[in-house]
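Subject: Structure for you to look at

Hello,

Here is the structure I promised to pass on. Please open it and keep it beside you while you read.

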Amino acid sequence: MAEPRKFSSPAIQSSPSPPPRPAISLQPSPKRSGFSKPTKLLRQIRTVFRTLPILSPACRFPLNGSRLHDGHVHGGDRITGTIFGYRKSRVNLVFQESPRCLPILILELAIPTGKLLRDMGLGLVRLALECEKRPSEKRKILEEPIWTLYCNGKKSGYGVRRDPSEEDLKIMQTLNAVSMGAGVIPSEDAAETVDGDQLTYMRVDFERVTGSKDSETFYMMNPESNNGGELSVFLVRI
């Protein structure tokens with residue numbers, strides 16, 4: 001009696017995974033950062049913030065055919081600013097002394113990342129973040145936990161300051177060799193991009209200007225002074 005023929009199972013080929021992200025080598029900022037140990041109240045504020053709806057305000061600023069560009073000569077310090085997030089999710093705004101330093105400030109805003117980047121391509125975008133001044137609290141302006149957000153004068157929800165997460169540090173480490181540019185960061189989890197929502201970033205230099213202990217401004221330094229989108233971020237206690 002002939003022996004039954006044996007069939008070998010075909011080898012299952014898995015899709016190639018993105019290369020692992022490098023180990024964190026970011027250095028502390030030469031200047032003291034705005035981060036402090038999070039309190040229980042701050043954690044509760046962040047939890048409530050994440051339950052609020054994401055707003056899509058019309059952030060285009062009417063320019064009447066002219067650019068409001070003054071060369072950004074404000075006598076401030078040049079720092080690195082990074083806008084990143086999934087296009088349909090809340091945008092993150094990170095400031096560093098340089099691409100190889102740990103962040104000095106991370107803001108999470110109630111505006112979709114894709115919406116902000118698209119509006120910046122249309123014209124000047126001004127983000128104003130306001131909070132109440134409390135003389136009894138000896139807190140630096142970059143340490144304020146929650147802000148009321150205005151986009152070109154229109155109230156657009158809230159913004160929160162948060163400490164860098166492990167994922168934030170991985171993203172900053174991935175971009176540590178990038179001084180200026182925009183693109184998509186490959187995800188380590190393919191399931192995160194099934195719906196087409198990818199982690200998008202834009203990095204450019206900003207000028208940091210400290211007006212007083214209750215005001216600070218970050219001006220995007222556009223290399224093409226009369227073309228492309230611009231962004232200004234105003235922090236003020238009132």
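Below is what was found in it, starting with the core and ending with the aromatic rings.

Please keep in mind that this is a predicted model.

**The cores**

Start with the largest nonpolar core. It has 29 residues. Leu127, Phe218, Leu231 and Leu235 have the most contacts inside it. Strand S3, residues 103–112, gives the most to this core. Its share is 5 residues.

Another core lies apart from that one. This other core has 11 residues. Leu26, Val94, Ile171 and Ile185 are among them.

Now go back to Phe218. Which residues does Phe218 touch, leaving out those up to four places away in sequence? The list includes Ile79, Phe95, Leu105, Leu142 and Phe206. Glu207, Arg208 and Ser232 are also on it. So are Leu231, Val233 and Leu235.

**Helix H2**

Look next at helix H2, residues 113–122. Of its 10 residues, 7 are buried, so the rest of the structure largely encloses this helix. Which ones are buried? They are Thr113, Gly114, Lys115, Leu116, Leu117, Asp119 and Met120.

**The aromatic pairs**

The count comes to 3 aromatic pairs. Take Phe95 and Phe206. Their ring centres are 5.2 Å apart. Their planes stand at 85°, and an angle over 60 degrees counts as edge-to-face, so this pair is edge-to-face.

Where do the two rings sit in the chain? Phe95 is in strand S2, residues 90–96. Phe206 is in strand S8, residues 199–212. The two are 111 residues apart, so the pair links distant parts of the chain.

Are these two residues buried or exposed? Phe95 is buried, with a relative accessible area of 0%. Phe206 is buried too, at 1%.

Tyr219 and Phe234 make another pair. Their ring centres are 6.1 Å apart. The planes are at 85°, so this pair is edge-to-face as well. Tyr219 lies in strand S9, residues 215–220. Phe234 lies in strand S10, residues 230–237. The pair therefore ties together parts that are 15 residues apart in sequence.

Tyr219 has a relative accessible area of 16%, so it is buried, because the cut-off is under 20%. Phe234 comes out at 24%, so it counts as partly exposed.

One last item. Ring pairs link Phe95, Phe206 and Phe218 into a cluster. You have met Phe218 already, among the residues with the most contacts inside the largest core.

Best wishes

How values were computed. Residues numbered from 1 in each chain as written. Predicted model: local features only at pLDDT ≥ 70, side-chain atom pairs only at ≥ 80, totals over all residues. Heavy atoms only, no water. Core = buried A, V, L, I, M, F, W, Y, C linked by side-chain atoms within 4.5 Å. Buried < 20%, exposed > 50% of the residue type's maximum accessible area, 1.4 Å probe, protein only. Helix = DSSP H or I, 4+ residues; strand = E, 2+ residues; numbered from the N terminus. Contact = heavy atoms within 4.5 Å. Phe/Tyr/Trp six-rings, centres within 6.5 Å; stacked < 30°, edge-to-face > 60°.
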